[in-house]
Amino acid sequence: MALSPDDIARLDALLGGDAAEAGALKTVRQELSGLSLTQCDASDIYAEQPFRDYPRFSVYLVDGSNHCWTITTDAARATGLVVVHHKTARAI
């Protein structure tokens with residue numbers, strides 16, 4: 001499943017605000033059910049550039065079309081999301 005412009009807009013709406021909480025990930029999982037969703041700590045993925053960086057979340061795209069997963073910035077190749085939940089809002 002590629003990530004459509006509507007899907008990206010939904011991510012922005014759900015995760016983009018300063019008040020977004022971890023519970024929003026349940027809604028993301030339900031609404032983008034064709035994509036895998038994995039949470040991790042920021043230290044686990046620090047060397048990668050996020051696809052979207054919000055005050056409370058960083059979102060990375062995963063391309064799992066080959067044997068090994070890779071982080072991508074190409075929404076058309078996205079088969080999943082990796083999400084970091086920041087415990088406090090950051091200035092972006």
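This is a short tour of one protein chain, from the whole fold to single residues. The model is predicted.

**Stop 1: the whole chain**

Show the chain as a cartoon and colour it by secondary structure. You should find 2 helices and 5 strands. Follow the chain along its sequence, and the order reads α-α-β-β-β-β-β. The radius of gyration is 12 Å, close to the 12 Å that the globule rule gives for 92 residues, so the chain is as compact as a globular protein of that length.

Now switch to the C-alpha trace. Along its principal axes the trace spans about 35 × 30 × 20 Å.

**Stop 2: surface and contacts**

Turn on the surface. Its accessible area comes to about 5300 Å². Carbon and sulfur atoms hold 50% of that. Of the 92 residues, 37% count as buried.

Next, think about contacts with a separation of 6 or more. Residues 24 or more positions apart supply 61% of them.

Select the charged side chains. There are 8 positive and 12 negative charges. The mean positions of the two sets lie 5 Å apart.

**Stop 3: strand β5**

Select residues 80–85, which form strand β5. Is this strand enclosed or open? Buried means under 20% relative accessible area. By that cut-off, 5 of the 6 residues of β5 are buried, so the strand is largely enclosed by the rest of the structure.

**Stop 4: the partners of β5**

Keep β5 in view and add residues 36–39, strand β1. β1 and β5 pair in the parallel sense, over 4 bridges. Zoom in on Leu37: its bridge partner in β5 is Leu81.

Now add residues 57–63, strand β3. Which way does β3 pair with β5, parallel or antiparallel? The pairing is antiparallel, over 6 bridges. Pick Val59 to see one such position: Val59 stands opposite Val83 in β5.

While you have the strands on screen, look at the side chains. In a regular strand they alternate between the two faces of the sheet.

**Stop 5: the loop before β5**

Step back along the chain from β5 to Ala76. Ala76 lies in the loop between β4 (70–72) and β5. Is Ala76 buried or exposed? The relative accessible area of Ala76 is 56%. Exposed means over 50%, so Ala76 is exposed.

Last, select Ala2 together with Ala76. The two residues are 74 residues apart along the chain. Their C-alpha atoms are separated by 4.5 Å.

Definitions and conventions:
Residues are numbered from 1 along each chain as its sequence is written. This is a predicted model: local features need pLDDT of at least 70, side-chain atom pairs count only at pLDDT 80 or more; totals for chains, interfaces and linings use all residues. Side-chain values use heavy atoms; hydrogens and water are left out. The radius of gyration is taken over C-alpha atoms; the globule rule is 2.2 Å times the number of residues to the power 0.38. Buried means under 20% relative accessible area, exposed over 50%, partly exposed in between (1.4 Å probe, protein chains only). Contact means heavy atoms within 4.5 Å. Accessible areas come from the Shrake-Rupley method with a 1.4 Å probe; for residues, only the protein chains shown count as cover. Lys and Arg count as positive and Asp and Glu as negative; His and the chain ends are not counted. The place of a charge is taken as NZ of Lys, CZ of Arg, CG of Asp or CD of Glu. Two strands pair if DSSP finds at least two bridges between them.
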